[in-house]
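Subject: The two-domain model, handed over

Hi,

Here is the structure I promised to pass on. Have a look at it first, and then read on for what turned up.

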Amino acid sequence: MKGLYCKPGDQGVVKFVSQETNVPTNIGNHQVKVQVKSCALSPVDFKLYEDLKLEKELVPVGREIAGVVLQVGPKVTFFQPDDEVVGILPLEAEQSGLCSVVVTDEYNLVQKPEKVSWFEAAAVIKDGLRAYTALHTLARMAVGQTVLVLDGAGPFGVLTIQLAHYHGVKVLATALSPEDQKFLEELRPSVARVIGVWDSKEDLVDSCLEETGGLGVDIIIDSGVRLYDEEPETQRQCPHKHDLLTLLSVGGHWVTTEQHLQLDPPDSHILFLKAASLSFLNDEVWTTSRAKQGRYLHILKDVMDKLCTGTFRPQLEDPVPLYEATVSMEMVQRKQTRKRIAVKL
């Protein structure tokens, strides 16, 4: 049985290799053996593996899986054979999610609703978890608030917008291209305002303050931040940190994905004057720490429920066959895709 693994090379070059893998014959008390039906692809964060002292010569690729339970350990209580499940393999997992069979703890999985396809379940589980973590866990979203979602047309942005709408929150979103703008303007329920940051005539701060009567937005969910005026071309469409501080309301929450964000004393003073808060979005914390295991599983189950009822309507590429997984993963790692990709096994 083969799985896909990545090998970090010199000067940031990453090589993806297909490697023969053996499934453990004996499974632990709380482990389940799953036949994988679909696996979604996400970029591998080598720096995170290094920080957590989890470096490996070969890092497994594909951690969001959906499949059928083949066998359960003697003390497993959540599942039984033939159950349909979905979940996220932990960072320390030895097996690739692109193996036909994987063994994992029952605490990493939840039941998949019958109406949800394997492909959709695997493709949505991680972005749904990120949206919940950002809006509920970190920003404490409440009815009547206003949220700004940066890059609203990305896989994470779309689900964040839909989750915010479900809870009665007014949504503003940025579009990185005319195509993204058209897509966001056609979303239903509709976005209150789509700000085309691709157009130099559109000013993010002015648009947000105009839309909120000068009060600013209650929640900002970013997808990258420009720290300096001189930044690489790829960062040009990211807002400057000073712009986000300006348009944040009193008592507002800024949730950032920028792990190297630097705030100077004047920036911190602005947050202090507004009694605002800054949180870092790292959804991997749910599996690296088991402190809130029950809440984590509740979120995963709720993500599946919302996918089943149509609250979540993700933008996905067509399912990719297994023989194209390596090429697709190279594109995902280079961030050359705008939609979530899942492999059909």
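Below are my notes, starting with the domains and moving on to single residues.

Before anything else, please keep in mind that this is a predicted model.

**The two domains**

The domain assignment splits the protein into domain 1, which is made of 2-124 + 316-344, and domain 2, which covers 143-280. Their centres, taken over C-alpha atoms, are 31 Å apart. Five residues of domain 1 and eight residues of domain 2 take part in the contact.

How much area do domain 1 and domain 2 bury between them? The figure is about 460 Å², and 44% of it is on carbon and sulfur atoms. On the domain 1 side, the residues that lose the most area to domain 2 are Val 124, Arg 338 and Arg 340, which together make up 79% of what that side buries.

As for what holds hands across the interface, the rule picks out two salt bridges between domain 1 and domain 2. It also gives two residue pairs in polar contact there, both at pLDDT 80 or more. The side of domain 1 that touches domain 2 has four charged residues, one nonpolar and no polar.

**Arg 338 and its partners**

Arg 338 is the residue I'd click on next. It sits in the loop between α10 (325-333) and β16 (341-344), and with a relative accessibility of 37% it counts as partly exposed.

Which residues does Arg 338 form salt bridges with? One is Asp 151, with the closest N and O atoms 2.8 Å apart. Another is Asp 180, where the N to O distance is 2.7 Å. The side chains of Asp 180 and Arg 338 are also joined by a polar contact of 2.7 Å.

In sequence, Arg 338 and Asp 180 are 158 residues apart, so the pair links distant parts of the chain. Asp 180 belongs to helix α4 (residues 178-185). Is Asp 180 buried or exposed? Its relative accessibility is 11%, and because the cut-off for buried is under 20%, Asp 180 counts as buried. Leaving out residues up to four places away in sequence, Asp 180 touches Asp 151, Ala 153, Ala 175 and Arg 338. Both of the Arg 338 salt-bridge partners mentioned above, Asp 151 and Asp 180, therefore touch each other as well.

**Other salt bridges**

How many salt bridges does the structure hold? There are 17. As a general reminder, side chains of opposite charge can pair when their charged atoms come close.

Glu 186 and Lys 182 make one of them, with the closest N and O atoms 2.9 Å apart. Glu 186 is partly exposed, at a relative accessible area of 48%.

Lys 241 and Asp 267 make another, at 3.4 Å from N to O. Lys 241 is in helix α6 (residues 241-247) and Asp 267 is in helix α7 (residues 265-273), so this pair ties together parts that lie 26 residues apart in sequence. Both ends are buried: Lys 241 has 4% relative accessibility, and Asp 267 has a relative accessible area of 3%.

There is a network to look at too. Arg 63, Lys 126, Arg 130, Asp 283 and Glu 284 are joined into one by salt bridges that share partners.

**Two more residues in domain 1**Glu 92 is in the loop between β6 (84-88) and β7 (101-105). With 39% relative accessibility, Glu 92 counts as partly exposed. Setting aside neighbours within four places in sequence, Glu 92 is in contact with Leu 54 and Lys 56. The C-alpha atoms of Glu 92 and Thr 288 are separated by 8.6 Å, although these residues are 196 residues apart along the chain.

Val 59 lies in strand β4 (residues 59-60). Val 59 is buried, at a relative accessible area of 2%. Which residues does Val 59 touch, not counting those up to four places away in sequence? They are Tyr 5, Cys 6, Val 44, Phe 46 and Tyr 49. From C-alpha to C-alpha, Val 59 and Val 17 are 10.0 Å apart in space, and their positions lie 42 residues apart in sequence terms.

Cheers

Notes
Residues numbered from 1 in each chain as written. Predicted model: local features only at pLDDT ≥ 70, side-chain atom pairs only at ≥ 80, totals over all residues. Heavy atoms only, no water. Domains from an automatic or database assignment. Contact = heavy atoms within 4.5 Å. Buried area = accessible area lost by both parts, 1.4 Å probe. Salt bridge = Lys/Arg side-chain N within 4 Å of Asp/Glu carboxyl O. Polar contact = N/O pair within 3.5 Å; in protein donor to acceptor, adjacent residues only side chain to side chain. Nonpolar A, V, L, I, M, F, W, Y, C, P; charged D, E, K, R; others polar. Helix = DSSP H or I, 4+ residues; strand = E, 2+ residues; numbered from the N terminus. Buried < 20%, exposed > 50% of the residue type's maximum accessible area, 1.4 Å probe, protein only.
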